[in-house]
Amino acid sequence: MRFTRCLDTVESHTTSKPNVSRLTCIDCPEKKQALGQRAKQATSTLSFGQNVTIQTNGKDRYGRTLGIVVLQNSRNLNHELVKEGWCWWYRKYAPGDTVLEGLESEARQAKKGLWIDPHPIAPWEWRASKKMKMKPQLDFQISSPERPTTAH
């Protein structure tokens, strides 16, 4: 299988039909997010054009294959991206993964990749903030109806 498009969602080819996979347990910055393009480039540098193996873990809600990408040199791409500081350990989906926890902690301490930013925004928070901006804001106030007064 050969890689042709990369981030934390990758496109690979076994035949003429592409396969879209989501790297499990990690979350890279979005392309339009700070350092998103650099994270994409790092993923490409590690994997583009290589013959890889994807160890699958089912499908996500979008129908993408979930998996761990094993590179030609037997390294785990998911781990390499966390180790080099280009993505977050996705605690929500891998809460007890001590390997990813340790790799992220080391990358943070060494200020590698996105950790050069003193206050990086996690992709799930960035996506949520974008959704909030898209929702229409109601700009009016509801007041209680006036009650008629009666003279005594």
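How many residues does helix α1 have, and how far does the helix reach from its first C-alpha to its last? In this predicted model, α1 runs over residues 36–47, so it has 12 residues, and its end-to-end reach comes to 17 Å, close to the 16 Å expected at 1.5 Å a residue. Several residues of this helix are tucked away from the surface: G36, A39, A42, T43, S44, L46 and S47 are its buried ones. Just after α1 comes G49, which takes a positive phi of about 80 degrees.

Stepping back to the whole chain, there are four helices and seven strands. Following the sequence from start to end, they come in the pattern β-β-β-β-α-β-β-α-β-α-α. The chain has 152 residues, and 38% of them count as buried. Contacts across long stretches of sequence are a big part of the picture: looking at contacts with a separation of 6 or more, 56% come from residues 24 or more positions apart.

How far can the model be trusted from place to place? The mean pLDDT of the chain is 84, with 78% of the residues reaching 70 or more. Confidence is highest in helix α3 (residues 98–110), at a mean of 98, and lowest in strand β1 (residues 2–5), where the mean is 46. Where pLDDT is low, the predicted coordinates should not be read in detail.

Helix α3, then, is a good place to look closely, given that its mean confidence is the highest in the chain. Its 13 residues should span 18 Å at 1.5 Å a residue, and its end C-alpha atoms are indeed 18 Å apart, so the two values agree. The buried residues here are L100, L103, E104 and A107. Because these residues cover an arc of only 95 degrees around the axis, they sit on the same side of α3. Turn to the face pointing away from that buried side, and the exposed residues T98, E106 and Q109 show up. As for what the buried residues pack against, the partners are strand β4, helix α2 (77–83) and strand β7 (88–89). The two ends of α3 have details of their own. At the start, a side-chain oxygen of D97 comes to within 3.1 Å of the backbone nitrogen of V99. Just after the helix, K111 takes a positive phi of about 55 degrees.

Strand β4 is also home to I26. With a relative accessible area of 0%, which is under the 20% cut-off, I26 counts as buried. The C-alpha atom of I26 lies 4.7 Å from that of W89, even though the two residues are 63 residues apart along the chain. Another contact of I26 is N78, a residue of helix α2. N78 has a relative accessible area of just 2%, so this residue is buried as well. Leaving out residues up to four places away in sequence, N78 touches L23, T24, I26, G67, I68 and V69.

Now for the charged side chains. Side chains of opposite charge can pair when their charged atoms come close. The structure holds seven salt bridges, and two of them involve D27. One joins D27 to R22, with a distance of 3.3 Å from N to O. Both partners are buried: R22 has a relative accessible area of 10%, while D27 has 0%. The other joins D27 to R127, and here the closest N and O atoms are 2.8 Å apart. This second pair links distant parts of the chain, as D27 belongs to strand β4 (residues 26–27) and R127 to helix α4 (residues 123–134), 100 residues apart. Unlike buried D27, R127 is partly exposed, with a relative accessible area of 26%. Through shared partners, salt bridges join R22, D27, E30 and R127 into one network.

A further salt bridge is formed by D60 and R64, whose closest N and O atoms are 2.7 Å apart. D60 counts as buried because its relative accessibility, 17%, is under 20%.

Conventions:
Residues numbered from 1 in each chain as written. Heavy atoms only, no water. pLDDT = per-residue confidence, 0-100. Salt bridge = Lys/Arg side-chain N within 4 Å of Asp/Glu carboxyl O. Buried < 20%, exposed > 50% of the residue type's maximum accessible area, 1.4 Å probe, protein only. Arc of directions from axis to C-beta. Contact = heavy atoms within 4.5 Å. Polar contact = N/O pair within 3.5 Å; in protein donor to acceptor, adjacent residues only side chain to side chain.
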